[in-house]
Amino acid sequence: MTNKKIILSLSGGESSGVLAYDLFTAGYDVVYLFANTGLENNETLDFVKAMEDNWGIQVVWLEAVVNPEYGKGITHRVTSYEKAFRVNQYKELNHPYHAFIRKHGIPNATYKQCSDRLKELVIEDYKKKNGLKGVKHALGMRLDEPNRVCPAVVRKILEKTDFNGCHLRGKLSKLNLQEAISKSNLSDHDIDKLSNYVKKIKKYNICYPMHDLFKKDKQDVKEFWASQTFGLKLEDHEGNCQTCWKKSAKKLHLLALEHPERFEPFAWFEKMYQHVKPNSNGNPRYFFRGHKSTDMILGEAKLMDAYMLRKLIGANPEQDAGCSESCEPYQF
């Protein structure tokens, strides 16, 4: 057994939940951090609380504090399951998502800001102020998610070096980048991509225990939760948040048919803040791909059939992974 300290970013999803259990039972001294954006489904918050209650772990609940003054960065506040902002409070000015949009505008595929500003910066501020800089920081990417551990473009670059493949996590963390580059025929673009990847791994001390140590895939995760007395009461296509621009059109349309109330905050934010930091052409910002507004998604969904959408999503689970597979801090 080990008592080595490690940080774990809990997303509120099943995979990071399994990693929380594995690290705990392996004897690590785990600092469990959950950054609440305020637009998570209530089931996500219930799930994190259930981990605390059933396993006896202590989760640090964090939220963004957005300073409205430009030039002032995001800090954190420590909250709790009971006091954390819920989605129904989205009109309150101190609600983290509301405060963020009020200052920075609506996030979407062009302005990919929500995970960085409402999760990563919040967690890093907490780490800095609590003496946790330099501690290994675990993320819950599984063995079957190589692109989330190391983007395909970076893996291809590494094939040109002596470090062929991102499974060499220990070596990458100590990689002498200049030495690797000097032995390879890399373009300036390749060098920039590889440098940015390695620098971020080193800067935040990121590690992937589900990929490198415990070696768990999606089936392992499903089997684990089938053996537990509690679980995440959301379907895969729903994701942790109410809805998200990362979701495929099929998932958005299905949610619009089955849970149209989840789009209410997004419609309100677009009405109130679509002209905050507008697009470069002067047009207002909207949440969804193709510059589609919430009303457009809801309108399109009325022409769809929920049963057929479920079949299409089930036939292409990887293509339609969307935010359920990729919404976390420290993305590359």
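# Exercises on a predicted model

**Exercise 1. Compare the expected and actual span of helix α1 (residues 14-25), then determine how far this helix is enclosed.**

Step 1. Helix α1 covers residues 14-25 and has 12 residues; at 1.5 Å a residue it should span 16 Å. The expected span is 1.5 Å times one less than the number of residues. The end C-alpha atoms of α1 are 17 Å apart, which agrees with that expectation. The structure is a predicted model.

Step 2. Nine of the 12 residues of α1 are buried, so the helix is largely enclosed by the rest of the structure. Among the buried residues are Val-18, Leu-19, Ala-20 and Leu-23, and also Glu-14 and Asp-22.

Step 3. The partners of these buried residues include the strands β1 (5-10) and β2 (29-35), as well as the helices α2 (42-55) and α11 (218-226).

Step 4. Just after α1, Gly-27 has a positive phi of about 90°.

**Exercise 2. Explain why Cys-114 forms no disulfide with the closest cysteine sulfur.**

Step 1. A disulfide requires two cysteine sulfur atoms within 2.5 Å.

Step 2. The closest cysteine sulfur to that of Cys-114 belongs to Cys-244 and lies 5.8 Å away, so the two are too far apart for a bond.

Step 3. By this rule, the structure has zero disulfides.

Step 4. Cys-114 is nevertheless buried, because its relative accessible area is 11% and the cut-off for burial is under 20%. Cys-241 also counts as buried, at 12% relative accessibility.

**Exercise 3. Describe the position and surroundings of Gln-113.**

Step 1. Gln-113 lies in the loop that joins α3 (96-104) to α4 (114-129).

Step 2. Its relative accessibility is 11%, and therefore Gln-113 counts as buried.

Step 3. When neighbours within four places in sequence are left aside, Gln-113 is in contact with Phe-100, His-104, Pro-107, Leu-118 and Arg-285.

Step 4. One of these contacts, Arg-285, has its charged end over the ring of Tyr-111, 3.6 Å from the ring centre. Elsewhere, the charged end of Lys-103 sits over the ring of Tyr-70, at 5.5 Å from its centre.

**Exercise 4. Classify the aromatic pair of Trp-268 and Phe-269.**

Step 1. The structure holds 21 aromatic pairs. In the pair of Trp-268 and Phe-269, the ring centres are 5.6 Å apart and the planes meet at 65°.

Step 2. An angle over 60 degrees counts as edge-to-face, so this pair is edge-to-face.

Step 3. Trp-268 is buried, with a relative accessible area of 19%, and Phe-269 is buried at 0%.

Step 4. Ring pairs also link Tyr-21, Phe-47, Trp-55, Phe-224, Trp-225 and Phe-230 into a cluster.

Technical notes:
Residues are numbered from 1 along each chain as its sequence is written. This is a predicted model: local features need pLDDT of at least 70, side-chain atom pairs count only at pLDDT 80 or more; totals for chains, interfaces and linings use all residues. Side-chain values use heavy atoms; hydrogens and water are left out. Helices (H or I, at least four residues) and strands (E, at least two) are DSSP runs, numbered from the N terminus. Buried means under 20% relative accessible area, exposed over 50%, partly exposed in between (1.4 Å probe, protein chains only). Contact means heavy atoms within 4.5 Å. Rings of Phe, Tyr and Trp (its six-membered ring) pair if their centres lie within 6.5 Å; planes under 30 degrees apart count as stacked, over 60 as edge-to-face and the rest as tilted. A charge sits over a ring if NZ of Lys or CZ of Arg is within 6 Å of the ring centre and within 35 degrees of the ring normal.
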